[in-house]
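Please examine the protein chain shown below before reading further. The report after it is written for a reader who is new to protein structure.

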Amino acid sequence: MGGGHGKMASVSIPEQKTACRRRAMMLLCLSVGLVGLIGGGLRIALEGPGVLGVSNAVPWGWDVVQFVFWIGLGHAGTLISAVLLLTRQEWSRGIARQAELMTLCAVAVAAVFPAVHVGRVWMEWMFYPGPLPGGLWPNAASPLVWDPVAIGAYFLLSVLYAAMGLRAGQGMTPEQRNSRARACLLMAGVLTPLVVTVHSVVGCDFAVLLRWHASFLPPYFVCGAILSGLAMVQLIVRGMGGAVPVPLMRLTAGVATGMGVFYALELVESPMLFDAVYVAVISLNVAAPLCLLLPVVQRRGVLQVLIGAGVLVGMWLERVHIIVRRSEMLFGVDYMPTRTDVAMLVGSMGAFIGLFLLLDARLPQGGPDGGNAASAPPGQGRVAWLGGLIGVFAAACWLYATQGAETAGVLTGRPHGVFFQVPVYTVCGLLGAGVAIYMNLMRRLRM
């Protein structure tokens with residue numbers, strides 16, 4: 001009895017120490033996140049965007065860099081989970097949940113930056129996408145209108161997708177389990193084009209300044225988001241004490257090769273962009289991930305962590321080069337981040353880590369599953385199509401109600417026609433399909 005009791009105690013003590021360390025890390029990171037983000041946001045709201053390093057020459061500074069970086073991580077988490085589920089990769093079962101949690105935390109952090117960057121946050125009600133008393137109407141041909149619609153739809157479906165993956169109760173009947181598996185597959189099929197569309201829209205937001213009108217910019221942004229997401233997943237897996245699957249490392253190296261192609265195309269067309277920061281970006285985002293193909297790196301977790309962290313730093317520097325450095329080159333000025341910029345950066349990192357540890361400890365284990373979808377009732381596919389049609393109809397009604405009026409500040413030559421409204425129809429259709437899939441699954445689970 002005494003020996004058995006001592007053995008149980010010896011096993012539980014390390015687990016308790018690990019839990020205490022994670023709890024302490026979570027509280028520390030959440031505190032840093034609250035101080036950095038809330039403190040920086042309040043200062044911006046009280047004193048205006050002048051407390052940031054932005055100017056008339058460099059209108060988008062580190063706050064927009066953080067937004068693009070974190071939203072890219074969020075998009076990548078859902079895309080990784082969805083694509084691996086659709087392709088039935090068995091090795092991905094252990095990382096699907098981490099990828100989904102990464103999505104929720106990254107998008108929550110990213111949402112802070114556009115909210116505070118406007119300066120007068122109490123006027124954000126004017127962003128409401130409908131006819132307003134002030135005479136402001138949304139221009140559906142503008143990527144700046146696509147952006148909140150697309151990101152809002154993506155965040156909602158990501159939450160529903162994660163919730164579906166976590167509803168793996170032991171009390172489910174075989175039919176309910178099969179329905180859940182089919183719903184997860186259908187939702188993955190909806191999210192995959194939605195994520196590509198949303199991050200392409202984010203890329204189109206940058207079509208207003210030097211060299212940002214290139215046609216390869218949307219896939220360039222999507223590829224970069226996937227690379228940063230793969231690197232973050234590797235860090236999370238290692239941080240949780242797991243082993244990074246070799247196929248995941250090979251996939252990271254393959255995406256890094258794609259980024260190398262984009263960098264080469266960009267430099268051939270515009271050699272003036274090449275500088276020391278660009279060398280660091282290529283080294284961290286292309287050369288370093290290719291080392292994951294080496295057997296010695298695949299056996300050493302420390303090297304995997306260093307490469308993953310390097311990729312995240314490289315992708316952040318790439319965003320700085322795109323958003324800040326090119327404005328500096330165009331106008332011949334220097335951008336100097338302020339203490340508020342640094343506080344928001346550190347706060348975003350702390351908030352992300354703290355939120356991830358909090359959700360990981362509170363939410364049950366589980367993830368998206370498509371194992372027995374073939375034997376599930378086929379009615380959910382028809383429900384998805386019906387939901388998509390309803391979403392398209394709702395978008396058409398919204399456009400009909402808002403696009404007929406004169407938009408305040410309309411420029412001559414404003415794009416017209418249905419072609420320029422395709423992103424809105426696509427996003428709303430996918431949103432309707434995803435919501436219909438989730439509601440139909442909840443109905444089946446209650447039966």
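The report that follows moves from the whole chain to its charged residues and then to its surface.

**The chain as a whole**

The structure is a predicted model. It contains 14 helices and zero strands, so the order of elements from the N terminus is written with the symbol α throughout. The chain has 447 residues, of which 50% count as buried. Its exposed area is about 20,800 Å², and carbon and sulfur atoms supply 70% of that area. Among contacts in the chain with a separation of 6 or more, 84% join residues that are 24 or more positions apart.

Two pairs of residues illustrate how distance along the sequence relates to distance in space. Asp-360 and Leu-101 are 259 residues apart along the chain, yet their C-alpha atoms are separated by 7.5 Å. Ala-115 and Ala-45 are 70 residues apart in sequence, with 10.0 Å between their C-alpha atoms. Ala-115 belongs to helix α4, which spans residues 112–117. Ala-115 is classed as partly exposed because its relative accessible area is 26%.

**Salt bridges**

Side chains of opposite charge can pair when their charged atoms come close. How many salt bridges does the count give? The count comes to two salt bridges, and they are listed here.

| Salt bridge | Closest N to O distance |
|---|---|
| Arg-43 and Glu-47 | 3.5 Å |
| Glu-318 and Arg-319 | 2.2 Å |

Arg-43 and Glu-47 both lie in helix α1, four residues apart, which is about one turn of the helix. Arg-43 is partly exposed because its relative accessible area is 30%. Glu-47 counts as exposed because its relative accessibility is 53%. In the other pair, Glu-318 and Arg-319 are both buried.

**Two aspartates of helix α12**

Helix α12 covers residues 339–362 and includes Asp-341. Is Asp-341 buried or exposed? Asp-341 is buried, yet it has no salt bridge. The nearest side chain of opposite charge is that of Arg-43, which is 8.5 Å away. A salt bridge requires the nitrogen and oxygen atoms to be within 4 Å, so this separation does not qualify.

Asp-341 nevertheless has polar partners. Its side chain reaches the backbone nitrogen of Gly-53 at 3.0 Å. The side chain of Asp-341 also makes a polar contact with the side chain of Tyr-335, at 3.5 Å. Leaving aside residues up to four places away in sequence, Asp-341 touches Leu-52, Gly-53, Trp-62, Asp-63 and Tyr-335.

Asp-360 is also found in helix α12. Asp-360 counts as buried because its relative accessibility is 15%, and the limit for that class is under 20%. With residues up to four places away in sequence again left out, Asp-360 touches Arg-22, Arg-97, Leu-101 and Met-240.

**A nonpolar patch on the surface**

Which residues make the nonpolar surface patch? Met-25, Leu-28, Val-32, Val-342, Val-346, Met-349 and Ile-353 form this patch, which has an area of about 550 Å². The elements that give two or more residues to the patch are α1, spanning residues 2–47, and α12. Helix α12 gives the most, with four residues. Leu-28, one of the patch residues, is found in helix α1. Leu-28 is classed as exposed because its relative accessible area is 53%.

Helix α12 therefore appears in two parts of this account: it holds the buried Asp-360, and it contributes four residues to the nonpolar patch.

Terms used: Residues are numbered from 1 along each chain as its sequence is written. This is a predicted model: local features need pLDDT of at least 70, side-chain atom pairs count only at pLDDT 80 or more; totals for chains, interfaces and linings use all residues. Side-chain values use heavy atoms; hydrogens and water are left out. Buried means under 20% relative accessible area, exposed over 50%, partly exposed in between (1.4 Å probe, protein chains only). Lys and Arg count as positive and Asp and Glu as negative; His and the chain ends are not counted. A polar contact is a pair of N or O atoms within 3.5 Å; within protein, one must be able to donate a hydrogen and the other to accept it, and residues adjacent in sequence count only if both atoms are side-chain atoms. Contact means heavy atoms within 4.5 Å. Patches are made of residues with over 30% relative accessible area and no salt bridge: like charges are joined within 9 Å, nonpolar side chains (Val, Leu, Ile, Met, Phe, Trp, Tyr) within 5 Å. Accessible areas come from the Shrake-Rupley method with a 1.4 Å probe; for residues, only the protein chains shown count as cover.
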